[in-house]
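Here is a guided walk through one protein chain, written for someone who would rather be at the bench. Have a look at the sequence and the model first, and then read on.

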Amino acid sequence: MLLPSAETGWPESLRPLYEGVTGTPASEALSASAQWRESFAQWVRGASLEERTLAGSAAWARLDAGERTPAELLFLLSSCGELLWPYEAPPSGLLQRLRWRQESVLGALQEAGDSEGASRVRKETDAVVSTVLTRYLKRHPESLLSLVGDTSCTFDGRALRFEHSVEVDLKQVLGAGAKSIGLLEQLRALLPTTPEEGRTRLAEFIRTRAARIPWREASEVLAERLFTLATSPEGRSGMSGFLACYPSGRKEPDWCARAGLLLTRTLEVGGPPEVVENLCELLARFDAPPVDGLRGALGALVGGDFESTANLEPVRFVLDHCHATLRKGEPGLVLALLWLEERLFRAAVRRGLPDAFERRSRVRVKLKPWSPEFEHLCWLAEECAELWPRFVAGGVRPGMDELAAWRQEVSARMGRKPVLRKAAIEFFLWCAPDAASSEAELTVLALVRTATDQRLVRKLKEHPSARVRFRVRTLQAWLQGSGKGGAAPSVEPSGVAGPTTLTEALRHLHVTRAVPLGGRTWLRDRDLEELLFGAVARVEAEFAARYPERFREDTADLVADLLEGLRGTLERVKADLSAMLAQGQPAPMELGFTVRRMRTAPDEEVVAPELEVVGARVAREATPSSVPRPPGVEVAFILKVNVDGFIRTERVAFVQVVKLEQRGEGQWLPAFRLGREHLDALLLRTDAAFCLFLTPPFPRAECWVVPARLARGLTESHRSLSGVPRDGVQRAARSLSQWLVGELLGLWSGDERPEVLAWARAEQGGPDFVVEWILG
């Protein structure tokens with residue numbers, strides 16, 4: 001009699017056959033199996049898909065669990081080729097369960113003394129189980145491990161054999177292209193448990209099939225699998241096997257860069273030491289062009305802060321790894337290692353670590369044979385470890401004269417031989433912090449003396465560090481003639497740049513670094529940009545044309561008149577835009593001036609009237625006359641941007657306005673009266689500082705704008721303490737309209753630090769004029 005649980009789930013058309021099977025004694029099961037097969041084949045020919053699906057679920061439920069008679073198991077095993085189809089997700093442990101049921105049937109037949117029948121049943125059921133397993137793997141190749149579990153296997157070059165009986169032909173189950181990645185990864189996971197002979201064949205099979213996959217299709221999927229292993233403390237062995245099976249990954253630049261970023265992040269957050277070791281080992285395998293794992297590992301430390309790192313042991317481990325993988329003929333790497341070791345030494349001494357001095361001496365002895373002129377490399381590493389921390393927030397920033405003298409000494413020491421120049425050029429471009437980038441780039445310009453040095457800078461465009469690539473693009477444009485299409489200018493071998501070289505270099509470095517959001521941002525409309533440029537240029541030209549008649553007026557009055565002219569013309573621009581826009585569409589620009597003016601007058605305060613402007617007000621507030629006036633007039637341009645609620649920023653640029661005066665009737669002074677100490681004070685506050693020079697129209701009617709750092713360089717090159725030479729400014733300056741529209745409005749060249757913005761709006765001690773420009 002059939003148990004109620006046995007009847008559950010079977011379709012009605014198959015239930016009579018199954019009832020007959022369960023009632024057959026074990027001794028008659030083998031002889032009755034031929035009749036079962038014939039009846040079951042007839043049922044298969046007439047069964048619907050729903051009935052077959054229901055029968056498959058019932059068959060697996062009975063194979064998976066519960067006590068079964070030998071006849072019942074024999075029927076299920078011999079029929080599972082037609083019952084178990086991969087319509088749904090594959091059942092876990094399928095092979096182990098079928099093999100266990102097979103052994104139960106064979107054991108019953110052996111006990112009944114039918115050894116010949118047991119042998120025939122084994123052969124037949126092995127073939128059926130192989131068919132079922134192959135079908136599931138064709139549909140679900142990523143489920144191999146789930147299907148076979150820890151069943152032992154071997155490989156003969158064609159098929160996997162589990163327990164030497166169940167066979168899966170890999171060529172049948174492997175898909176084309178990226179579809180085969182899942183199964184190849186499953187096969188790779190079987191390698192550790194495969195016998196040695198079969199393991200070698202299986203590894204070679206995986207490499208061969210992986211080489212046929214189009215790399216562009218496979219690299220993204222494989223990268224996720226590799227870095228999952230690399231960031232797992234237990235994934236080291238699997239990671240090694242992975243790269244052995246996919247050797248093309250060792251030449252993948254994106255993988256190398258990602259490994260370096262992960263190592264940086266792991267060191268920053270204090271991740272597990274095992275992950276640090278995994279990533280170091282992974283980077284050591286990227287040793288074929290165009291990737292460079294050694295520089296990737298060093299790059300993880302270049303931007304690190306050893307002072308705030310809780311544990312220095314992972315840092316030491318990475319440095320030891322870099323020492324072990326160092327190659328000959330790489331002076332830049334030796335210099336970078338010396339600098340990192342010097343920083344580590346100073347951090348260890350401050351913490352009182354006992355082996356700091358011993359490690360420093362041991363490292364220098366180890367690195368000395370790797371590079372000639374080792375003493376000069378040690379000197380530069382120590383100098384930079386001492387100087388560069390002074391540029392960060394809270395440090396005592398060196399003065400301009402001190403920096404100029406330092407650059408000259410570096411150029412004299414490191415420019416003697418090509419090997420020293422090669423090491424120093426890569427070192428400054430790679431290791432200098434962002435706060436010291438201008439000084440580093442100027443030092444590189446002084447070190448580039450020959451065509452070979454220029455080729456070296458050009459080759460560094462392929463450097464793994466994004467910082468190096470960005471700085472090289474800046475310098476390369478300068479070395480090629482600052483984008484003018486001419487030949488590259490010759491570089492003075494003495495390292496002492498002339499006025500023109502220094503002027504153009506400083507100007508170019510400032511302009512190219514004023515692209516914080518990657519180029520043109522809000523002003524994407526060329527017509528709108530031309531409209532704004534033309535309007536501002538007309539105001540500028542009119543002001544410059546009238547300057548010879550008004551230069552005796554106070555500078556603050558001249559600036560107020562210029563700003564009022566800009567306000568008026570931009571009001572007209574806004575009206576013109578409103579006329580061109582669709583009805584009801586708001587103008588994409590709003591302008592506001594808030595002007596604060598200081599005027600020295602005894603025993604009185606001057607309060608100017610309030611003027612209504614576009615979207616803001618003009619308020620001229622009085623300040624005590626006892627406050628000494630700085631040279632010229634200072635204007636703070638505050639740019640507020642809100643583009644579709646997606647890009648929001650607020651930036652300020654400070655402009656020091658200085659006018660040109662006459663020495664006699666019609667004879668203009670050769671320099672603007674602007675002291676070097678005032679420029680130093682302005683630059684210590686922010687790098688977003690500029691100078692606006694009011695001049696008569698020679699040769700064009702325009703006002704001159706140059707970066708304050710450039711003006712400071714001109715005073716230094718002309719050995720002047722109290723003036724900026726007029727000829728140098730004229731050669732390097734941009735017009736006010738070009739700076740306002742192209743740089744301030746188009747490139748958002750300003751300082752966005754909250755403390756600088758707060759100072760720009762300060763009631764006491766702030767700038768004389770504040771201009772707010774709102775974009776939205």
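The paragraphs below go from the whole chain to its cores, then to some helix pairs and a few loop residues.

A word on the source before we start: this is a predicted model, in which local features need pLDDT of at least 70 and side-chain atom pairs count only at pLDDT 80 or more, while totals for chains, interfaces and linings use all residues. Residues are numbered from 1 along each chain as its sequence is written, and side-chain values use heavy atoms, with hydrogens and water left out.

Let us begin with the chain as a whole. It has 33 helices and 16 strands; helices (H or I, at least four residues) and strands (E, at least two) are DSSP runs, numbered from the N terminus. Of the 776 residues, 51% count as buried, where buried means under 20% relative accessible area, exposed means over 50%, and partly exposed is in between (1.4 Å probe, protein chains only). Contact here means heavy atoms within 4.5 Å. Among the contacts in the chain with a separation of 6 or more, 72% join residues 24 or more positions apart.

Now to the interior. A nonpolar core is a set of buried Ala, Val, Leu, Ile, Met, Phe, Trp, Tyr and Cys residues joined through side-chain atoms within 4.5 Å. The largest such core has 157 residues, and those with the most contacts inside it are Phe162, Leu187, Leu263, Trp339, Leu380, Trp388 and Phe428. Helix H18 (residues 331-351) supplies the largest share of this core, 12 residues. If you centre your viewer on Phe162, you will find that it touches Leu95, Leu133, Leu144, Val148, Thr151, Ser152, Cys153 and Val168, not counting residues up to four places away in sequence. A second, separate core of 71 residues includes Trp668, Ala689, Leu740 and Leu775.

Helix H13 (residues 236-245) is a good next stop. Its buried residues are Met239, Ser240, Phe242, Leu243 and Cys245. They pack against helices H10 (181-190), H11 (196-212), H12 (215-230), H14 (253-269) and H15 (273-284).

From H14 we can move on to a helix pair. The axes of H14 and helix H16 (residues 293-302) come within 8 Å and cross at roughly 25°. That makes H14 roughly parallel to H16. For these angles, axes are lines fitted to C-alpha atoms, for helices over the stretch in contact, and angles run from 0 to 180 degrees between N-to-C directions; under 35 degrees counts as roughly parallel, over 145 as roughly antiparallel, 65 to 115 as roughly perpendicular and the rest as oblique. On the H14 side, Cys256, Gly260, Leu263, Thr264 and Leu267 meet Gly293, Gly296, Ala297, Gly299, Ala300 and Leu301 of H16. By class, this contact has 6 nonpolar, 5 polar and no charged residues; Ala, Val, Leu, Ile, Met, Phe, Trp, Tyr, Cys and Pro count as nonpolar, Asp, Glu, Lys and Arg as charged, and the others, Gly among them, as polar.

Another pair is H20 (residues 374-387) and H21 (residues 400-414), whose axes come within 11 Å and cross at roughly 160°. H20 and H21 are therefore roughly antiparallel to each other. The contact is made by His376, Leu377, Trp379, Leu380, Glu383, Cys384 and Leu387 of H20 and by Leu403, Trp406, Glu409, Val410, Arg413 and Met414 of H21. Its residues comprise 9 nonpolar, 1 polar and 3 charged. Just ahead, in the loop between helix H19 (356-367) and H20, is Glu373, which has a positive phi of about 55° although it is not a glycine.

H21 also meets helix H23 (residues 437-447): the two axes come within 10 Å and cross at roughly 40°. H21 and H23 are therefore oblique to each other. Leu403, Trp406, Arg407, Val410, Ser411 and Met414 of H21 face Glu439, Leu442, Thr443, Ala446 and Leu447 of H23 in this contact.

We finish in the loops. Pro86 sits between helix H5 (70-83) and helix H6 (94-111) and is buried, with a relative accessible area of 6%. Leaving aside neighbours within four places in sequence, Pro86 is in contact with Arg135, Tyr136, Arg139 and His140. Trp748, in the loop between helix H32 (736-747) and helix H33 (754-760), counts as buried at 1% relative accessibility. By contrast, His718 counts as partly exposed at 37%.
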